[in-house]
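Thanks for coming. I have one structure to go through today, and I will take it piece by piece.

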Amino acid sequence: MGAWQLVAVGLVMMLGLLGVLVPGVPGQAIVWAAVLWWSLAAPTSLAWGVLIGATAVLLLNQALKPLLPSRRRHESGAPPRTLFVGGITGIAGFFLVPVLGGIVGFVGGIYGSERARLGSHRGGWASTRTVMRAIGLPVLVELFACLLVVGAWLGAVLWG
């Protein structure tokens, strides 16, 4: 597989990660399709293993989705920008501090956005808790599953 095709797969995965943050966009399906594209273009045992692992993680996420609270954006009172900032910092955190940085970055991004919007620590933290209860937890779980898939793909490309 050529370098340009790897870059294209990576861009599709990034589009899928951003799609997780936008309601109605099938971010998980986009990430899975990118892994499928890569594994079909570079048919090695490692590529098929990553595809099988990605399928298992994303199916588990789909099975757990009904157990999480539904996304109720209007109940949180936060603007859509808050969740987007949390998602971007979660993605950056995942790659800066592998795995756990995604969770810390997501919650930290929401807190930072809400603190800047409301102007105080107490108001920012209270709003962060409300956002996490209303819409943050389902988005975080879906984003984390997709980040695990993208991280496995990136690891396979770099070290495989």
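I will start with two helices, then turn to salt bridges, a surface patch and a loop.

What you see is a predicted model, so please keep that in mind throughout.

Let me begin with helix α2, residues 27-41. How far apart should the ends of α2 be, at 1.5 Å a residue? For its 15 residues the expected span is 21 Å, and the end C-alpha atoms are in fact 21 Å apart, so the two values agree.

The buried residues of α2 are Gly27, Gln28, Ile30, Val31, Ala34, Val35, Trp38 and Ser39. Which elements do they pack against? The partners are α1, residues 3-21, then α3, residues 45-64, and also α7.

Take Ser39 as one example from α2. Its relative accessibility is 0%, so Ser39 counts as buried. A polar atom of the Ser39 side chain lies 3.0 Å from the backbone oxygen of Leu36. Setting aside residues up to four places away in sequence, Ser39 touches Ala47, Trp48 and Leu51.

Leu51 brings us to helix α3. Leu51 has 8% relative accessibility, under the 20% limit, and therefore counts as buried. Beyond its neighbours within four places in sequence, Leu51 is in contact with Trp32, Val35, Leu36 and Ser39. As for distance, the C-alpha atoms of Leu51 and Gly2 are separated by 19 Å, with their positions 49 residues apart along the chain.

Also in α3 is Asn61. Is Asn61 buried or exposed? Asn61 is buried, with a relative accessible area of 5%. Leaving out neighbours within four places in sequence, the contacts of Asn61 are Gln28, Val141, Glu142 and Ala145. Please remember Glu142, since we come back to Glu142 in a moment.

Next, helix α6. This helix has 19 residues, and from its first C-alpha to its last it reaches 27 Å, close to the 27 Å expected at 1.5 Å a residue. Its buried residues are Gly101, Gly102, Gly105, Phe106, Gly109, Ile110, Tyr111, Ser113 and Glu114. The cover over these buried residues includes α5, residues 80-96, and α7.

Now the salt bridges. How many does the structure hold? There are two.

One of them is in α6, where the side chains of Glu114 and Arg117 meet at 2.6 Å, N to O. Why can these two be regarded as about one helical turn apart? They are three residues apart in α6, and so about one helical turn separates them. In general, an α-helix has 3.6 residues a turn, so residues three or four places apart point the same way. The two partners differ in exposure: Glu114 is buried, at 0% relative accessibility, whereas Arg117 is partly exposed, with a relative accessible area of 35%.

The other salt bridge joins Lys65 and Glu142, with the closest N and O atoms 3.6 Å apart. This pair links distant parts of the chain, 77 residues apart: Lys65 sits in the loop between α3 and α4, residues 73-76, and Glu142 is in helix α7. Lys65 is partly exposed, with a relative accessible area of 36%, while Glu142 is buried at 7%.

On to the surface. Phe95, Leu154, Leu158 and Trp159 make a nonpolar surface patch of about 460 Å². Which element gives the most to the patch? That is α7, with three residues. Leu158, in helix α7, is exposed, with a relative accessible area of 56%.

My last stop is the stretch where α6 ends. Just after α6, Gly119 takes a positive phi of about 85°. Ser120 is in the loop between α6, residues 100-118, and α7, residues 121-159. With a relative accessible area of 30%, Ser120 is partly exposed, as that value falls between the limits of 20% and 50%. A polar atom of the Ser120 side chain lies 3.1 Å from the backbone nitrogen of Gly123. Finally, the C-alpha atoms of Ser120 and Trp32 are separated by 40 Å, and the two residues are 88 residues apart along the chain.

That is the tour. I am happy to go back to any part of it.

Key. Residues are numbered from 1 along each chain as its sequence is written. This is a predicted model: local features need pLDDT of at least 70, side-chain atom pairs count only at pLDDT 80 or more; totals for chains, interfaces and linings use all residues. Side-chain values use heavy atoms; hydrogens and water are left out. Helices (H or I, at least four residues) and strands (E, at least two) are DSSP runs, numbered from the N terminus. Buried means under 20% relative accessible area, exposed over 50%, partly exposed in between (1.4 Å probe, protein chains only). A polar contact is a pair of N or O atoms within 3.5 Å; within protein, one must be able to donate a hydrogen and the other to accept it, and residues adjacent in sequence count only if both atoms are side-chain atoms. Patches are made of residues with over 30% relative accessible area and no salt bridge: like charges are joined within 9 Å, nonpolar side chains (Val, Leu, Ile, Met, Phe, Trp, Tyr) within 5 Å. Accessible areas come from the Shrake-Rupley method with a 1.4 Å probe; for residues, only the protein chains shown count as cover. A salt bridge is a side-chain nitrogen of Lys or Arg within 4 Å of a carboxyl oxygen of Asp or Glu. The expected span of a helix is 1.5 Å times one less than its number of residues. Contact means heavy atoms within 4.5 Å.
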